[in-house]
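Trainee: I am new to this structure and should be grateful for a close look at one part of it, the surroundings of the ligand. Please also add whatever local features of the chain deserve attention afterwards.

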Amino acid sequence: MLDFLKKGLSKTVASMNLIKKGEKISKDLLEEMLLEADVSYEIVEEVIYYLPPSKEIKKEDLKRVLNTYFIYEEAATKPSKPFVELILGVNGAGKTTTVAKLANLYKNQAQTVILGACDTFRAGAIEQLRLWAKKLELEIVLSSQGHDPSAVAFDAISKAVAKGFDRVILDTAGRLQNQKNLNAELEKISRICDKAMQGAPHRKILVLDGTQGNAGILQAKAFNELIKLDGIIITKLDGTAKGGALFSVARELELPILFIGVGEGVEDLIHFKAEDYVNSLVSSIFTE
Ligand SMILES: Nc1nc2c(ncn2[C@@H]2O[C@H](COP(=O)(O)OP(=O)(O)O)[C@@H](O)[C@H]2O)c(=O)[nH]1
Ligand SMILES: [Mg+2]
């Protein structure tokens, strides 16, 4: 069970006196519960439309309809050594923490990882990543605040190539309020990555703050227009009742959700599996 879903939904159930017994639920209550979980209004209406036209909804029918939303698979990536990942997103979304989580995951799979502290905009960001690298005993390439992030990316990839590392993960700064600069910066980082190693970056991942619910979608779209994304990681789903926004995120961006973040620790990263997510949501709706 994904607890973040249960938390939000049990509140709704408690506050309502509508029919809900075992394997069936009234359409009105279902609608209410999906909205409460921050499934967007548009998608709730659509789900209701695709359900059988009876007043009471069966669990299996709901599962079937909800599962149709996560159809976007990750494009097949050619194996590459090193495999370079660019982590994008606005300030505070959870990028640096997610870089550490991913690095830890790869390390546990016996892969060698080098981190690139390309968020040179804030001194705190470099230090934060340096501390993670120390804790996880990982190599890191960094420079000082204000330096060119592309240079850091170039050095990290070159080092990984020279030393035969399996992975490079590049943390970045996300100043969406200054789109023009960000655009130029991301374009340059991409270009320099490719210069350091042809084909890099191999995966561009957007980190989205899950507590923003559906409000994060516009932001995500803006990033996807700046740089073609390969997938999304949604963070902070441990502290929110807005887990239902994942439906609209997947649908609107037509991108796969790769992982979800459920805490501040390095282990708090879950591989996103649509079926488990839908099962959890449906179970929370049908059990009190
Ligand atoms: N509860 C929770 N907090 C998170 C999660 N991911 C990141 N954070 C916290 O969110 C804050 C911002 O994260 P950070 O990685 O610095 O964001 P960045 O600015 O995008 O690099 C930090 O306090 C993190 O500990 C998560 O999955 N759950
Ligand atoms: Mg950061």
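Mentor: What follows begins with the ligand and its surroundings and then turns to aromatic pairs and to details of the backbone. Please keep in mind throughout that this is a predicted model.

Ligand 1 is the natural starting point. Its place is the second largest pocket. There are 17 residues around ligand 1, and those that come nearest are G92, K95, T97, D238 and E264. Sorted by class, this shell consists of nine polar, five charged and three nonpolar residues. Among the elements of the chain, helix α5, which spans residues 95-108, gives the most to the shell, namely four residues.

Two of the nearest residues, D238 and E264, also take part in polar contacts through their side chains. In the case of D238, a polar side-chain atom lies 2.7 Å from a nitrogen atom of ligand 1. In the case of E264, an N or O atom of the side chain is 2.6 Å from an oxygen atom of ligand 1. The backbone has a part as well: a polar backbone atom of A93 is 3.2 Å from an oxygen atom of the ligand. As for cover, ligand 1 on its own has 580 Å² of accessible area, and the protein covers 80% of that area.

Away from the ligand, the aromatic rings may be considered. A pair of such rings is described by two quantities, the distance of the centres and the angle of the planes. The count in this model comes to seven aromatic pairs. One of them is formed by F70 and Y277, with 5.6 Å from centre to centre and 90° between the planes, an edge-to-face arrangement. This pair links distant parts of the chain, as its members are 207 residues apart. F70 belongs to the loop between α4 (59-67) and β4 (83-88), whereas Y277 belongs to helix α11, residues 274-286.

The loop between α4 and β4 also holds P82. The peptide bond that leads from K81 to P82 is cis, and its omega is near 0°. A further cis peptide bond runs from A200 to P201, with omega near -5°. P201 is found in the loop between α8 (179-196) and β8 (203-209).

A last backbone detail concerns A110, which lies in the loop between α5 and β5 (113-117). Although A110 is not a glycine, its phi is positive, near 65°.

Terms used
Residues are numbered from 1 along each chain as its sequence is written. Chains are lettered from A and ligands numbered from 1 in the order in which they are written. This is a predicted model: local features need pLDDT of at least 70, side-chain atom pairs count only at pLDDT 80 or more; totals for chains, interfaces and linings use all residues. Side-chain values use heavy atoms; hydrogens and water are left out. A residue is near a molecule or strand if one of its heavy atoms lies within 4 Å of it. A polar contact is a pair of N or O atoms within 3.5 Å; within protein, one must be able to donate a hydrogen and the other to accept it, and residues adjacent in sequence count only if both atoms are side-chain atoms. Accessible areas come from the Shrake-Rupley method with a 1.4 Å probe; for residues, only the protein chains shown count as cover. On a 1 Å grid over the protein atoms alone, a cavity is a set of points where a 1.4 Å probe fits but cannot get out, and a pocket is an open set with protein on both sides within 12 Å along at least five of seven lines; lining residues have an atom within 4 Å of a point. A molecule sits in a cavity or pocket if more than half of its atoms lie within 2 Å of its grid points. Helices (H or I, at least four residues) and strands (E, at least two) are DSSP runs, numbered from the N terminus. Ala, Val, Leu, Ile, Met, Phe, Trp, Tyr, Cys and Pro count as nonpolar, Asp, Glu, Lys and Arg as charged, and the others, Gly among them, as polar. Rings of Phe, Tyr and Trp (its six-membered ring) pair if their centres lie within 6.5 Å; planes under 30 degrees apart count as stacked, over 60 as edge-to-face and the rest as tilted.
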